[in-house]
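Reader: I am new to this structure and would like a close look at one part of it. Please take your time and connect that part with what lies elsewhere in the chain.

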Amino acid sequence: MMMVRMTFQMRCGVTLDNTPSFSTLSGMMTTWGYPWGRNLALKMVKTKYFLLVDDDHVFNDKSNLDKMIEILDTTDATLVGGKFEGFMKFAGALKFGVYHEREEFAIFSGHCERKLPRFPNCEQCDSTSNIFMAKTQPVLEIGGWSEELKIAEHADFFVKMKAAGNKVVYCDDIEVINQQESPEERSKSYQKLRYDTGRKNRMFRLMNARYNVNGLFWCSEYLVGSDNELQCISTKHKIGYC
């Protein structure tokens, strides 16, 4: 098994048989972006599966990588994700339709389509958190992460996965500790890069060009119809418009 580990500064490396090996690339800059760095690491993977974690993730006794492997080995899932200790469920459904009188992608937080047979704590969803194990080849086939985005790549990655017919699984009994720095601990330069709305707007323009959608929004309260159609009933949290 090979694990891919990335930091915001795009230090990248692989871990093979529990022995880390990091590559230092001369001239790397934070402005090259998450997607560029992840794709670079993805090209280094020589194994059937890879594990994506952030540099502020810490494993605990519920970080069950063996279960992730078992699911990928025995089902048609392409990607298996977990959750962050102490955080709400970070998984959901991605739906394309006419919302608020315009064609948009809607992220229905917490909604998963169905339980995964033989794995009672796992469900088939459209998206999950940035702690996941995936089959290497299907992710390579969708082009990995969109390098035009720099940041705000998460929704776009899972939209690409769904569009290609890849199945995503979320398991609430697999978790890591997320040791995020508080806003006060982050440098001003990091804050500027992380919350640059101009960069996030690239995601909306990219999705508009690919899928002809006019926006993306987050829905936390919704009704589920008999045909599994979802109707948002909460005040929408607008992520942005193209």
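Is Ser129 buried or exposed, and what is its relative accessibility?

Author: Keeping in mind that this is a predicted model, Ser129 counts as buried, because its relative accessibility is 0%, and the cut-off for that word is a relative accessible area under 20%. Its place is in the loop between strand 10, which covers residues 119-125, and strand 11.

The surroundings of Ser129 can be described through its partners. Leaving aside the neighbours within four places in sequence, Ser129 is in contact with Gly82, Lys83, Phe84, Phe90, His154 and Phe158. With Gly82 there is also a polar detail, since a polar atom of the Ser129 side chain lies 2.8 Å from the backbone oxygen of Gly82.

The two strands on either side of this loop lead to other parts of the model, and strand 11 may be taken before strand 10. Strand 11 (132-135) is among the elements that give two or more residues to the largest nonpolar core, together with strand 4, strand 8 (102-109), helix 4 (154-163) and helix 6 (197-211). This core has 26 residues, and those with the most contacts inside it are Phe50, Leu79, Phe132, Val139, Trp145, Phe157 and Leu216. Helix 4 gives the most to the core, namely five residues. In soluble globular proteins, nonpolar side chains tend to be buried together.

Strand 4, another of the contributing elements, spans residues 49-54 and holds Leu52. Leu52 has a relative accessible area of 1% and is therefore buried. The C-alpha atom of Leu52 is separated by 6.2 Å from that of Met133, although the two residues are 81 apart along the chain.

On the other side of the loop, strand 10 contains Cys122, which is paired with Cys171 in strand 12 (residues 168-178), so that the link joins distant parts of the chain, 49 residues apart. The sulfur atoms of Cys122 and Cys171 are 2.1 Å apart and form a disulfide, and the count of disulfides comes to one. Because the torsion about the S-S bond of Cys122 and Cys171 is about 110 degrees, this disulfide is right-handed. Both Cys122 and Cys171 are buried. Cys171 also belongs to a second, separate core of 19 residues, which includes Ile71, Leu116 and Phe119 as well.

Conventions: Residues numbered from 1 in each chain as written. Predicted model: local features only at pLDDT ≥ 70, side-chain atom pairs only at ≥ 80, totals over all residues. Heavy atoms only, no water. Helix = DSSP H or I, 4+ residues; strand = E, 2+ residues; numbered from the N terminus. Buried < 20%, exposed > 50% of the residue type's maximum accessible area, 1.4 Å probe, protein only. Core = buried A, V, L, I, M, F, W, Y, C linked by side-chain atoms within 4.5 Å. Polar contact = N/O pair within 3.5 Å; in protein donor to acceptor, adjacent residues only side chain to side chain. Contact = heavy atoms within 4.5 Å. Disulfide = S-S within 2.5 Å.
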